[in-house]
Every structure is written in C-alpha cells, then in structure tokens.
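Let's walk through this model together, one feature at a time. Have the viewer open and follow along as we go.

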Amino acid sequence: MILAEPSSLIFCSPIAAVNVRRSEDEHLTRQQMCILGKASLGFNVVGVRLCPENERHIVVWGASQAFVLVLKTDYSAVEDTINLVFELDDQDGDGDVLVNCEWLPKSQTHVAMAISRYVRLFDVCRFEMSGNTKRAHPVSGYNLGFEASLRDLSIVPQKDYLSDDDAAGSLCRYRTEHISKMFLLLENGRLHSLDIKIGRAHV
C-alpha cells in the first residue's frame, strides 16, 4: 500500500488496514500503520498512478514534475527512478501545469501525460543518462492549440490485432499491437478523442 504525503511516498503493509478486530468506523493513525519504507521527493505530490501491468511500476507527479518509480520486490523502497522530461510554456502569463498521468493499457513502460495545452507520450525504456539520472523524453505528442486548457485525460482500451512485420532481420512475421482511445476533456466542456496504437517498437 502506498500513501502520498506532501513531498514523499510512504510504503505500508496493508495488514493493519484489513485487521478484522478493527471497527469499521475506526480510522487508522500513522502510528498504527506498518510502515515498510519511505521515498522522499523534491516536490509536492499531486497524483500517483499504479501500473496495472506491473505493480512495481508507478508514476508520480506534481504541478510541474513527473517521475516513473520502480519499486523493490518487497515494496519497501524505490529501486530505480526515471525522470519524465517535458517543457512548460509560461509565455502567455497563464503558466501550464501538469494535469494528469495515465499508463497506456497493456503496457508497463508507456505513460501519457496531460499538460494544460498538450499531451505527451513517454516510453520509459527509451531513457538517456545525464550523470547518474535517467531521463525519458516524449516519443509522441498532441497539441491542443489555444482553443481551451485541458481539464482531464482518460484512456480506454479498444482492441488488439496482429499486423505484418516486414522489418529486415525480424524473427517473427507478426506482432501484436494494442489500440486505445484517449479522451481529452477541455475546460470549455468539449471532449476530444484520439486513437493510440502501441506496437513492439513504436507508439
């Protein structure tokens, strides 16, 4: 179990929360929790999203920063950290903010990031080293323009299919690709939708 504090994540055992001796109306205090470990972050946490395909992968974000964290096998601490690199536009005086992050369906490496006026897609397998820091840059994106700011993002899986893979030296002729529908809710109430296709080596 992961709890978010203002600038850290707390890793807890769920045993205390599911104790049958505890009354349903009784709230757990921090002292009653079985804390396994803690990860300090350099920003105030706005959101945390667990990867459905790999429970050791989580994406955590603030108003202007986001990281993918790989947890240790005992879920007590962070084993690896990948910084998701993106730019915020402050030129119009109404600065962009990070709105939401979502894992793409059936992937443990692809993350969609919603910022005020655009969406960026990351593949954390494609990172670069900057000193001792791993940094992943967007592999694809979508710009909203100046119609309205983005309020939220949601992704719904659609279907899988097999497609020809004619790349030279390929060991298999077919590969599975996943189609998802991304919905973008704007501040003015309008809803945009996009198709996202994830293949073996591309988004």
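A good place to begin is Tyr75, which is partly exposed with a relative accessible area of 34%; here buried means under 20% relative accessible area, exposed over 50%, and partly exposed in between, using a 1.4 Å probe and protein chains only. Tyr75 sits in the loop between β6 and β7, and its phi is positive, about 60°, although it is not a glycine. Lys106 makes a companion case: its phi is also positive, near 60°, in a residue other than glycine. You will find Lys106 in the loop between β8 and β9, and at 46% relative accessibility it counts as partly exposed.

Before going further, a word on the source. This is a predicted model, in which local features need pLDDT of at least 70 and side-chain atom pairs count only at pLDDT 80 or more, while totals for chains, interfaces and linings use all residues. Residues are numbered from 1 along each chain as its sequence is written, and side-chain values use heavy atoms, with hydrogens and water left out.

The chain averages a pLDDT (the predictor's confidence in each residue, from 0 to 100) of 83, and 80% of the residues score at least 70. Over residues 164-175, however, the pLDDT is below 50, and beyond near neighbours in sequence this stretch has 19 contacts in the model, a contact being heavy atoms within 4.5 Å. Where pLDDT is low, the predicted coordinates should not be read in detail.

Now for the fold. The chain has zero helices and 14 strands, where helices (H or I, at least four residues) and strands (E, at least two) are DSSP runs numbered from the N terminus. Of its 203 residues, 40% count as buried. Among contacts between residues at least 6 apart in sequence, 47% join residues at least 24 apart.

What lies inside? The largest nonpolar core has 18 residues, and those with the most contacts inside it are Val59, Ala66, Val68, Leu84, Phe86, Cys101 and Met113. A nonpolar core is a set of buried Ala, Val, Leu, Ile, Met, Phe, Trp, Tyr and Cys residues joined through side-chain atoms within 4.5 Å. At least two residues of this core come from each of β5 (57-61), β6 (66-71), β7 (78-84), β8 (98-103), β9 (110-115) and β10 (118-130). A second, separate core of 15 residues includes Val119, Leu121, Ile155 and Ile196. Back in the largest core, Cys101 is buried, with a relative accessible area of 0%. Leaving aside neighbours within four places in sequence, the partners in contact with Phe86 include Ala66, Leu98, Met113 and Phe122.

How many disulfides are there? A search of the whole structure finds zero, a disulfide being a pair of cysteine sulfur atoms within 2.5 Å. For Cys12, the nearest cysteine sulfur, that of Cys34, is 7.8 Å away.

Charged pairs complete the tour. The structure holds eight salt bridges, each defined as a side-chain nitrogen of Lys or Arg within 4 Å of a carboxyl oxygen of Asp or Glu. In one of them, Lys134 and Asp80 meet at 2.6 Å, N to O. Lys134 lies in strand β11 (residues 133-143) and Asp80 in strand β7, so this pair ties together parts that are 54 residues apart in sequence. Another salt bridge joins Arg126 and Asp123 at 3.7 Å, N to O; Arg126 is partly exposed at 42%, whereas Asp123 is buried at 9%.
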